[in-house]
Amino acid sequence: MKLEKYDIILKKNSKNPISKLIQLITHDIYSHSEIYIGGYHIIDSMPNGVKVRNFDSSLCEFDTFRYKRKLTEKEQSDIEEFLQKAINSKYDFIELLLQLFHIKNGSKKRYICIGLLMEAFEYANIPIDKWQVGFKQVSDSKYFYKVNKD
């Protein structure tokens with residue numbers, strides 16, 4: 001499978017204790033999300049903040065989701081602008097805990113992994129399932145589809 005810019009990567013089956021805790025809190029098979037930005041790089045939010053990282057498909061199992069229609073150049077530019085502004089933002093531990101109650105924090109200065117990605121799409125005025133919370137905003141969305149692995 002060839003990743004495309006702005007694909008969303010949902011990770012699962014990590015042996016990391018924090019990942020197991022996130023799966024427990026969210027009642028989901030996924031424990032982390034990233035957005036692919038090209039050149040084998042992703043942007044994500046982890047406890048050390050929002051960072052650009054190298055994409056390594058060998059670290060754990062993952063599913064890739066793609067928006068159902070081709071994003072316009074303007075939408076792509078807006079996503080890129082949002083993500084660039086978000087780099088070095090802090091992690092939102094409060095929102096992570098609120099996931100237990102299916103509540104969104106709404107902080108615009110701190111992010112959990114999936115919150116960062118959904119904010120980027122919202123910033124670009126791209127429709128997403130706002131009523132969903134957590135990874136289901138992507139995995140159960142009518143706007144994204146799961147990309148089959150080759």
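1. Is Tyr67 buried or exposed? In this predicted model, Tyr67 has a relative accessibility of 8% and therefore counts as buried, the cut-off for that class being under 20%. Phe144 is likewise assigned to the buried class, with a relative accessible area of 3%.

2. Searching the whole structure gives 11 aromatic pairs. One of them joins Tyr67 and Phe144 in an edge-to-face arrangement, with 5.2 Å from centre to centre and 85 degrees between the planes. This pair links distant parts of the chain, since Tyr67 belongs to strand β5 (residues 61-67) and Phe144 to strand β8 (residues 144-147), 77 residues apart. Both residues also belong to one aromatic cluster, which is formed by Tyr67, Phe121, Tyr143 and Phe144.

3. Phe121 and Phe144 appear again in the largest nonpolar core, a set of 33 residues in which they are listed, together with Ile35, Ile79, Leu83 and Leu116, as having the most contacts inside the core. At least two residues of this core come from each of β1 (8-12), β2 (30-38), β5, α2 (73-86) and α4 (113-123), and the most is given by α4, with 7 residues.

4. For Ile35, leaving aside residues up to four places away in sequence, the contacts comprise Tyr6, Asp7, His41, Ile42, Ile43, Ile79, Leu83, Leu117 and Phe121. Among these partners, Ile42 is included in a second, separate core of 6 residues, whose members also include Leu3, Tyr36 and Phe55.

Note on methods:
Residues numbered from 1 in each chain as written. Predicted model: local features only at pLDDT ≥ 70, side-chain atom pairs only at ≥ 80, totals over all residues. Heavy atoms only, no water. Phe/Tyr/Trp six-rings, centres within 6.5 Å; stacked < 30°, edge-to-face > 60°. Helix = DSSP H or I, 4+ residues; strand = E, 2+ residues; numbered from the N terminus. Buried < 20%, exposed > 50% of the residue type's maximum accessible area, 1.4 Å probe, protein only. Core = buried A, V, L, I, M, F, W, Y, C linked by side-chain atoms within 4.5 Å. Contact = heavy atoms within 4.5 Å.
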